[in-house]
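Thank you all for making the time this morning. I would like to walk through one model with you, so please have the sequence and the structure open as I speak.

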Amino acid sequence: MRFLRRLVGLFVAARTVRELARRPDEEPRIVEPGEPDPRAEAAVIVLLLLAAAAAVLFVVAYALEWSTQVLGGALGASLALVAAALLVVGARLVVTEELAEEYPRTGTPEEQDAVARIVRESGSRFTRKRLLGAAAATAGGALGAALVTPALSLGPALDTSQLNETPWRRGLRLVDRDGRPYTAQDIEDAFYTAFPEGADPKAIGSPIVLVRLDPGELRLPRGRERWAPDGIVAYSKICTHAGCAVALYRNPKFEPAQPDRALVCPCHYSTFDVATGGTVLFGPAGRPLPQLPLMVDAGGDMRAAGGFSGPVGPSWWGVRSS
Amino acid sequence: MRAVLAATLAALLGAPAAAHAGAPPIVRPVGESQLSPAQLGEQLYAGNCLRCHGIAGRGSTTGLSSGVAGPPLRGVGARAADFYLRTGYMPLDDAHDQPIRRRPQLDAKERAAVVGYIASLGDGPPVPRPEPGRGDVAEGRELFTDHCAGCHQVAAEGGILTGAKAPPLDRASPTEVAEAVRIGPYVMPAFSERDISDDELDSLIAYVQYAKHPEDAGGWGINHLGPFPEGMVTWFAAMVVLVGTCVAIGRRGVRR
């Protein structure tokens, strides 16, 4: 019995809501009814769907690594098409009228209701509201997806273990850009970029910088005493701050009066001490440059004696500060 | 408060002034024209270089706190002596200052005499004779990008590293570039022939010469300051177009 009474109550409530929703039609209009314009509406729908297609093209182009011109063109076209659709809506579909009086303050519920009705009635020229809404949602959704897609390139989101892997293994030879191995005699007063023999030189863990110091000048952390044969030290070339190439080497000719020997990153001037295991002397880097242990084989070639002292490249979650 | 302000102002204004004032006056021997080149070189060295570089180029660190100190010059050869005098880097007022390019302090004859004297102190490399005409600008650009652009920028406009400035190369002559690459003045690394061969050096210098007057394919080069100013210019151009479009759209609405 109680259940039946509830059902009737629900039914009455639904009727009332429908009555309320219908009521505006019975009152006199505020905005003059406008002539429907099916051609303009069709144009808007076509424009919105084209915008969606251009946004999808952006996602496809990004996934297939097409040129940046295609990426920019697709995203620009999508935005331009949305703008064009809005222009058509504004110029051809929204009922326009000139208001000479000042805007009243919309404070009371009745006035707010009137504003809502003005908005609703201004849409009287729209005949295919659902289709238009669907087209707008498609365009908005596709454009949103296009804008979010590049975030996928920021790196692995869940499994970060691959960031810890580098090609360096014990016994790998150090080679230059052209694949020629470095011998200990090759390393003089300049600084040298080296790569692991046979590995991908573009991998973030591949490039290292080599510099020769006076062995007496070295103050490496404990446990790294044998990492620098003949005073030659190797560090990852990727800055631990933002991942730029550490391309600057400060190498004083008259040490007492000039800045100390250091590797400097040109992006934000993180400065790393080459004598003390890559510790940060200055700048935004939060941890030392990872050092690579070296050895010299019987033939004089430089080889790695193990992996890096820490994770290579800018920090991510799971990397401790030292 | 006023004293603090005045001191700050003096420090701000005085710092660049001091950096340019850093050349001590040249001491010249009496009757300079009558001396043989060897005597002239020795006497100019005694008057202007010895204070820091020591007797017979042995170097000195005793006056370090007051900036009167310098590295030994034995074995540096004519190459380094020629570079530092030709660029006006030496004589330097304070050993802690970075040498900067100035008008040469000695005239050509005096320079040749001092270079000859310093070369006679030990066995050192001669002044190089690069031939940038034989070099390849494209190869030079690659070499410059690899070895030099980190500090000097790819447009050779110079740059900053912590504690030092990398000078622009717009006034560097081919000989000076060849010397600097092998010497590594101040905190610049020296590059051996294994790094940059003499042939590659010719290409590198050809690029440095080219970079003094590069062909700006897009038109205005905006002083080759890089992507940030270029982006700003693009923004200002785009901004005018966008604002113009908005105004055009708005006006059309009003007229109806």
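Let me start with a question: is Ala156(B) buried or exposed? Ala156(B) counts as buried, because it has 25 C-beta neighbours inside 10 Å, where the cut-offs are 20 or more other C-beta atoms within 10 Å for buried, 12 or fewer for exposed and anything in between for partly exposed, with the C-beta atoms placed from the backbone.

Before I go further, a word on the source: this is a predicted model, in which local features need pLDDT of at least 70 and side-chain atom pairs count only at pLDDT 80 or more, while totals for chains, interfaces and linings use all residues. Residues are numbered from 1 along each chain as its sequence is written, and chains are lettered from A and ligands numbered from 1 in the order in which they are written.

Staying with Ala156(B), this residue has a positive phi of about 60° although it is not a glycine, and it sits in the loop between α7 (149-152) and β3 (159-161) of chain B; here helices (H or I, at least four residues) and strands (E, at least two) are DSSP runs, numbered from the N terminus. Tyr186(B), likewise not a glycine, has a positive phi of about 50° and lies in the loop between α8 (174-183) and α9 of chain B. Tyr186(B) is also classed as buried, because 22 other C-beta atoms lie within 10 Å. A further backbone feature of chain B is the cis peptide bond between Met90(B) and Pro91(B), with omega about 0°, and Pro91(B) belongs to the loop between α4 (77-86) and α5 (108-120).

That brings me to α5(B), whose 13 residues reach 18 Å from the first C-alpha to the last, close to the 18 Å expected at 1.5 Å a residue, the expected span being 1.5 Å times one less than the number of residues. Its buried residues are Glu110(B), Ala113(B), Val114(B), Val115(B), Tyr117(B), Ile118(B) and Ala119(B), and they pack against α2 (37-48) and α4 of chain B. As a general reminder, an α-helix has 3.6 residues a turn, so residues three or four places apart point the same way.

Chain B also has a hairpin, in which β1 (residues 60-63) and β2 (residues 68-70) run antiparallel and are joined by 2 bridges, two strands being taken as paired if DSSP finds at least two bridges between them. Gly63(B) stands opposite Val68(B), and Gly67(B), in the hairpin with 4 residues between the strands, takes a positive phi near 85°.

Turning to chain A, the secondary structure comes to 5 helices and 11 strands, and buried residues make up 27% of its 322 residues. Helix α2 (residues 38-63) has 26 residues that should span 38 Å at 1.5 Å a residue, and its end C-alpha atoms are indeed 38 Å apart. Its buried residues include Val44(A), Leu48(A), Ala55(A) and Phe58(A), and what covers the buried residues includes α3 (68-93) and α5 (129-148) of chain A. Glu65(A), which follows this helix, has a positive phi, near 55°.

In the same chain, 5 strands form an open, antiparallel sheet in the order β1-β2-β3-β4-β9. Strands β1 (174-175) and β9 (291-292) stand at the edges with a single partner strand each, so one side of each is left without a neighbour in the sheet. Strand β1(A) is joined by 2 bridges to β2 (residues 191-196), and Leu174(A) stands opposite Pro196(A).

Finally, what does the largest nonpolar core look like in numbers? It has 91 residues, and Val209(A), Leu263(A), Ala81(B) and Val114(B) are among those with the most contacts inside it, a nonpolar core being a set of buried Ala, Val, Leu, Ile, Met, Phe, Trp, Tyr and Cys residues joined through C-beta atoms within 7 Å. The largest share of this core, 7 residues, comes from helix α9 (residues 198-212) of chain B. A second, separate core of 22 residues includes Ala74(A), Leu81(A), Leu93(A) and Ala135(A).

As for the interface, 23 residues of chain A are in contact with 25 residues of chain B, contact meaning that the C-beta atoms, placed from the backbone, lie within 7 Å.

Definitions and conventions. Contact = placed C-beta atoms within 7 Å.
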